[in-house]
Amino acid sequence: MDKYGFYTGKIFDAYEYLGCHLTGQGAVFRTFAPAAQRIALIGEFNGWTETEMHKIQDGHFWECEVDGAKAGMMYKYRIYKRDGSCMDHCDPYGFGMELRPQSASYIRDLAAYQFHDEAWMKSRTDRKDKPLNIYELHAGSWKTEEGAQNGWLNFRQLADRLIPYIREWGYHYIELLPVSEHPSDNSWGYQNTGFFSPTARYGTMDDFKYFVDQCHQNQIGVLLDFVLVHFALDAYGLADYDGTSLYEYPHTDVGDSEWGSKNFNHSRGEVCTFLQSNANYWIKEYHIDGLRMDAISNLIYWQGNPSRGVNSNAVNFLQYMNEGLKSMHPSIILAAEDSTSYPNVTKPVAQGGLGFDYKWDMGWMNDTLAYMKEDTACRKSDYHKLTFSMMYYYDENFLLPFSHDEVVHGKATILQKMNGDYDQKFPQARALYMYMYAHPGKKLNFMGNEIGQFREWDEKREQDWMLLEYPLHQAFHLFMKELNQAYGKYPAFWKLDYDRAGFRWLDCSQKGACIYAFVRSDGSQEIAAVFNFSCQEAEYTLCWEGVQECRLLLASDDARYGGTAQYDSKTHYSQAGGEAGLKIPMGAFCAKYLIASKEDEFVSTAYYT
């Protein structure tokens with residue numbers, strides 16, 4: 001290992017040296033603990049008695065080699081502090097851990113699993129000019145298994161059940177909430193102790209590799225939610241690791257996070273090395289296709305508060321890490337969850353940016369959902385909540401998220417947020433999703449959104465799949481399937497997502513009627529999206545330059561989706577007599593996609609690009 005690079009935060013491979021590595025006769029164990037008085041290794045291979053570790057290199061690293069240590073055995077580091085006290089710690093660079101409340105690390109063989117995803121890895125891209133429809137899920141509560149521990153499916157079972165669903169419903173990528181080991185189920189993986197350990201809740205390292213491998217063989221990408229701002233307080237983890245604040249800030253005013261955890265000290269090169277080696281580890285060793293980085297605003301600004309100023313060391317770390325990851329793995333996706341107006345998040349580092357491929361558009365999400373919560377009278381006065389996003393859209397490469405954060409803790413689910421009673425919520429939700437999928441930017445939806453979930457997400461329960469026994473939910477599920485397929489099929493929806501030629505308004509001045517119309521284009525084909533977000537029907541005249549006739553691709557009020565209108569593949573609209581404009585009947589809370597081509601029509605079968 002490059003020691004200078006380790007201390008200065010310039011390397012991405014520290015995990016190949018630190019942690020536990022099999023040698024053939026046994027295993028070698030190494031840990032970084034500069035302030036420790038002494039360290040002993042305890043584990044299954046020595047009857048949990050102490051085997052002394054020895055200082056190596058500059059005295060900040062500790063090492064021992066144990067003959068007979070094998071993959072699958074457990075171990076801990078017993079770290080003695082300068083005051084004589086000691087604490088048993090899991091391995092910060094350990095590749096496996098016990099399930100809570102236990103805390104030992106496991107010896108794992110990094111090279112044991114052989115991937116069979118060569119074709120996927122060679123063809124993988126960042127999807128900038130391709131459709132990107134992400135299905136976000138929590139592995140433990142998508143579906144559960146009766147009789148299994150806590151009902152959890154393991155990663156192999158999840159692969160076998162989830163992949164056919166993803167393929168049939170037309171999603172392109174899966175995004176998993178954090179899968180690193182964590183002590184509290186209700187942290188959803190956002191307060192970690194084992195940053196290099198796939199959680200034992202769902203199996204082993206090789207089980208997770210199987211999951212990723214099977215996704216790739218079925219043309220499905222896998223993104224991980226990556227936590228790089230903070231870590232869990234548990235005494236066996238990173239906190240006070242060698243008796244000092246080795247990974248965290250020493251002062252609570254910046255060291256304690258708003259989530260009751262410890263903030264990483266990004267001013268230390270060793271911490272930067274730990275985090276960027278961790279990011280590289282998941283991408284290189286597990287063939288992960290990219291990272292959604294959590295709480296970036298809390299990294300950019302001290303405690304996430306712009307008034308406290310920019311944390312320049314953390315920003316420098318982020319730039320160096322992103323640039324390095326993209327250099328090593330050009331086809332991965334790096335996405336930022338960032339709600340601030342900090343500039344150039346998705347610009348290359350060489351141009352002064354942070355080096356992300358995408359930024360979550362939290363402003364679009366908040367404005368859109370706030371609008372949909374209102375009744376029609378309020379929507380008239382807040383009409384431009386749905387046009388404002390295009391005022392800043394081209395500042396970044398945005399991704400539109402309806403994520404897990406929007407369906408928990410009293411926030412209500414996406415469907416429940418719609419104004420009105422049970423029957424009114426469905427047509428509004430269908431129109432909302434057609435607005436989302438036509439709006440420029442890649443898409444992300446949390447599990448349950450596609451079945452019209454009414455109950456807020458609970459990590460202890462599977463999604464309410466029994467809702468599909470009810471006609472409205474069943475019809476909504478079909479709608480989401482065919483919307484996904486239409487989005488994937490037509491390049492006008494995504495090819496020019498980040499080019500101004502890919503979008504133009506046709507009508508954004510119908511405040512009294514709550515009607516909007518815009519065009520998406522791929523440079524040769526155009527699709528118009530028309531929306532009526534009022535509770536009144538309208539006979540709308542669409543002025544679409546150069547188009548005298550258009551064919552209907554998708555309508556949210558189709559009876560097949562739970563609406564009241566009847567359509568088929570021959571439904572089209574044309575100019576009436578000598579009048580200018582297309583006469584488009586728009587039902588209440590209705591959305592329509594129209595294509596300026598007589599020959600093309602939407603066929604509702606799965607289409608993958």
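This is a short conversation about reading a few features of a predicted model.

Reader: Let's start with the sheet that contains β24. What is the order of its strands, and how do they pair?

Author: Here you're looking at a predicted model, and this sheet is an open one with six strands. Going across, the order is β22-β23-β24-β29-β26-β27, and the pairing is antiparallel.

Reader: Which strands stand at the edges?

Author: Those are β22, residues 503–510, and β27, residues 572–574. Each has a single partner strand, so one side of each is left without a neighbour in the sheet. As for the twist, it averages 25° from one strand to the next.

Reader: How should I think about side chains along a strand?

Author: As a general idea, the side chains in a regular strand alternate between the two faces of the sheet. For a case to look at here, take β24, which covers residues 526–532.

Reader: Is β24 mostly covered or mostly exposed?

Author: Mostly covered: six of the seven residues in β24 are buried. On one side, β24 pairs with β23 (residues 515–521) in the antiparallel sense, over seven bridges. Phe518 is the residue opposite Ala529 of β24. β24 also pairs with β29, residues 590–595, again in the antiparallel sense, this time over six bridges. There you'll find Ile527 opposite Ile595 of β29.

Reader: What happens in the hairpin of β23 and β24?

Author: Four residues sit between the two strands, and Gly523 takes a positive phi near 105° in that hairpin.

Reader: And how many bridges hold the pairing of β26 and β27?

Author: Three bridges, with β26 (residues 549–555) and β27 running in the antiparallel sense. Glu549 stands opposite Ser574 of β27.

Reader: Now the helices. What do I need in order to describe two that pack together?

Author: In general, you give the angle between their axes and the distance between the axes. Try it on α13, residues 422–438, and α14, residues 471–489: they pack at about 10°, and their axes are 11 Å apart. Angles under 35 degrees count as roughly parallel, so α13 is roughly parallel to α14.

Reader: Which residues of α13 and α14 meet?

Author: From α13, they include Phe426, Tyr433 and Tyr437, and from α14 they include Phe476, Leu483 and Tyr487. Asp423 and Arg430 of α13 are also part of this contact, as are His473 and Asn484 of α14. By type, the contact of α13 with α14 divides into 12 nonpolar residues, two polar and two charged.

Reader: On to charges. How many salt bridges does the count give?

Author: It comes to 33 salt bridges. A good way to read one is to ask what it links along the sequence. Arg38 and Glu50 form one, with 2.9 Å between the closest N and O atoms. Arg38 lies in β3 (residues 38–43) and Glu50 in the loop between β3 and β4, so the pair ties together parts that are 12 residues apart in sequence. Arg38 is partly exposed at 25% relative accessibility, and Glu50 is partly exposed at 33%.

Reader: Which parts does the pair of Arg100 and Asp185 tie together?

Author: Arg100 is in the loop between β8 and β9, and Asp185 is in the loop between β12 and β13, so this pair connects parts that are 85 residues apart in sequence. Their side chains meet at 2.6 Å, N to O. Asp185 counts as partly exposed, at 24% relative accessibility.

Reader: In the salt bridge of Lys385 with Glu374, how far apart are the closest N and O atoms?

Author: They are 3.8 Å apart. Lys385 lies in the loop between α10 and α11 and Glu374 in the loop between α9 and α10, so parts 11 residues apart in sequence are tied together. Lys385 is partly exposed at 26% relative accessibility, whereas Glu374 counts as buried at 15%. There's also a network in which salt bridges that share partners join Arg38, Glu50, Glu52, Arg78 and Asp88.

Reader: One last residue: where is Ser245 found?

Author: Ser245 is in the loop between β15 and α5. At 25% relative accessibility, Ser245 counts as partly exposed. Leaving aside residues up to four places away in sequence, Ser245 touches Asp240, Pro250 and Arg268. Asn265 is 20 residues from Ser245 along the chain, and their C-alpha atoms are separated by 8.9 Å.

Methods. Residues are numbered from 1 along each chain as its sequence is written. This is a predicted model: local features need pLDDT of at least 70, side-chain atom pairs count only at pLDDT 80 or more; totals for chains, interfaces and linings use all residues. Side-chain values use heavy atoms; hydrogens and water are left out. Two strands pair if DSSP finds at least two bridges between them. Axes are lines fitted to C-alpha atoms, for helices over the stretch in contact, and angles run from 0 to 180 degrees between N-to-C directions. Angles under 35 degrees count as roughly parallel, over 145 as roughly antiparallel, 65 to 115 as roughly perpendicular and the rest as oblique. Contact means heavy atoms within 4.5 Å. Ala, Val, Leu, Ile, Met, Phe, Trp, Tyr, Cys and Pro count as nonpolar, Asp, Glu, Lys and Arg as charged, and the others, Gly among them, as polar. Buried means under 20% relative accessible area, exposed over 50%, partly exposed in between (1.4 Å probe, protein chains only). A salt bridge is a side-chain nitrogen of Lys or Arg within 4 Å of a carboxyl oxygen of Asp or Glu.
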